[in-house]
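Morning, everyone. I have a few minutes on pockets and cysteines, so please look at the screen.

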Amino acid sequence: FEEGENGSSLKDIPAYAFAWSGLKTLTLPEGLENLYYQAFGYCSELTSVTIPSTVKVLGVSISKYSVGYTFYGCTKLSAVTFAKNSQLEEILNCSFQKTAITEVVIPASVKVIGDSAYAGLKIDTVEFLTETDGDGNKVSSLTSIGESAFANSTIRTITLPETKETLALGESLFGGCTNLEEVYLSSKVASVANVFDDCKSDYTITVSKDNKNLQVHDTLPLIISEQKVTEDGVEKTVISIKFAYKQIKQAELTIPDNCIAIETNAFALQQYITKVVLPAGLTTIGDGAFHDCHVLKEVVFKYDTNEQNQLTTLGANNNSYGVFQNCYSLTKIVLPDNKLNVTTAYPNGVIHDKTFYGCVSLEKLDVTPAEVKDIADLENGVYIPSSLTAIGTKTNYNSSGTAVYGAFQKCLALESVTLPA
């Protein structure tokens with residue numbers, strides 16, 4: 001491509017323009033602004049590309065499902081150079097997936113990295129360039145990194161940049177990353193919900209001291225959020241547990257007394273914990289919080305000095321997993337005699353679908369006694385509140401027509417069932 005004194009008059013390269021061609025090298029002209037969907041997809045001989053400073057979007061969509069894939073399938077592409085003072089704003093879905101890139105540099109101007117943009121690459125790290133803002137801080141324009149953006153890559157370390165705005169991270173961002181060792185979360189990362197799902201490595205997370213939303217727990221490998229509350233005129237700090245970022249290699253886990261919420265998938269796939277002790281002030285346990293904890297045998301709910309327990313939410317029916325789904329060794333859990341998951345449809349509470357799905361060692365279903373002095377005196381089994389409106393949903397299909405699974409489905413050892421009167 002040639003350019004005149006004032007740059008090229010060519011502004012766009014349309015979808016599929018050079019897809020499946022025999023290009024080996026590519027130098028694009030200054031003045032070019034957009035590369036559309038699969039503009040250079042499957043150029044299997046392409047080895048290098050220089051992207052001019054004027055390009056703003058890689059992978060402009062041509063339909064709802066045709067977004068990104070700019071250099072997808074360019075299996076020999078190993079060198080991508082962004083011109084100095086790059087104005088690039090969006091690297092859309094799968095744009096560099098199935099390439100031979102080993103070094104990833106993200107210009108400071110980039111706002112959006114799309115889903116699977118760099119998935120599957122043989123990379124060690126990602127370099128995020130920054131620029132100096134009006135206050136002298138080095139920041140990136142990044143606002144979001146999409147689902148699975150670095151999934152199944154060989155990435156070892158990543159330091160997320162300080163950003164001008166809140167930085168949103170997509171689900172399974174590091175899914176299948178077996179080499180991940182160190183992650184740094186910058187000050188404006190607000191959530192890590194499902195970000196590390198299926199990340200199959202033993203990694204460490206550090207959080208910026210200026211992050212107001214996330215912290216690392218002092219003694220356990222947990223990402224938490226803290227908030228100040230006042231009770232009876234006394235201010236105290238309570239926490240919500242986002243997730244455990246490492247295997248907790250201890251048999252008994254006592255959740256801190258100031259914990260009020262355990263979020264979705266927080267302790268999923270923990271393979272050493274056999275007993276969990278939950279505090280009296282815990283109000284919420286999210287979907288899939290303990291799913292596939294295969295050696296978990298017992299769950300204990302503590303009570304305060306007034307023999308009260310604050311649990312009101314056990315799952316939400318929003319996730320693909322029930323709270324204790326596939327806890328194959330679970331033999332004993334005594335739920336507090338509280339109204340759980342109360343809604344207009346279920347004024348006295350409900351045990352959601354899949355809550356105990358696949359708990360193949362549960363032998364007994366009974367009702368929680370009105371007074372629980374010592375749960376050690378109770379036989380093994382699952383004990384549920386006495387005032388439930390329902391166990392599971394009323395139909396076998398949800399509103400979208402998808403089949404749902406029963407609260408106690410595949411509890412193969414369950415022999416005795418006593419339901420609330």
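Sixteen residues line the second largest pocket, and those nearest its centre are Lys-236, Asp-257, Asn-258, Ala-280 and Gly-281. Keep in mind that this is a predicted model. The volume of this second largest pocket is about 300 Å³.

Which strands supply at least two residues each of that lining? They are β19, running 222-231, β20, running 234-244, and β22, running 259-262. With three residues, β20 gives the most. Sorted by class, the lining of the second largest pocket comes to seven nonpolar, four polar and five charged residues.

Now the largest pocket. Its volume is about 560 Å³. It has 28 lining residues, and the closest to its centre are Phe-196, Asp-197, Asp-198, Ala-244 and Ala-268. The class breakdown for the largest pocket is 13 nonpolar, seven polar and eight charged residues.

Next, cysteines. For those new to the term, a disulfide is a covalent bond between the sulfur atoms of two cysteines. How many disulfides does the structure hold? Zero. Take Cys-177: the nearest cysteine sulfur belongs to Cys-199 and is 5.5 Å away. A disulfide needs the two sulfur atoms within 2.5 Å, so Cys-177 is in no disulfide. Cys-177 is also buried, at a relative accessible area of 0%.

Cys-359 is in no disulfide either; the nearest cysteine sulfur there is that of Cys-327, 5.2 Å away. Is Cys-359 buried or exposed? Buried, with a relative accessible area of 0%.

That is what I have.

Note on methods:
Residues are numbered from 1 along each chain as its sequence is written. This is a predicted model: local features need pLDDT of at least 70, side-chain atom pairs count only at pLDDT 80 or more; totals for chains, interfaces and linings use all residues. Side-chain values use heavy atoms; hydrogens and water are left out. Buried means under 20% relative accessible area, exposed over 50%, partly exposed in between (1.4 Å probe, protein chains only). On a 1 Å grid over the protein atoms alone, a cavity is a set of points where a 1.4 Å probe fits but cannot get out, and a pocket is an open set with protein on both sides within 12 Å along at least five of seven lines; lining residues have an atom within 4 Å of a point. Grid points are joined across faces, edges and corners, and a volume is the space filled by probe spheres set on the points. Ala, Val, Leu, Ile, Met, Phe, Trp, Tyr, Cys and Pro count as nonpolar, Asp, Glu, Lys and Arg as charged, and the others, Gly among them, as polar. Helices (H or I, at least four residues) and strands (E, at least two) are DSSP runs, numbered from the N terminus.
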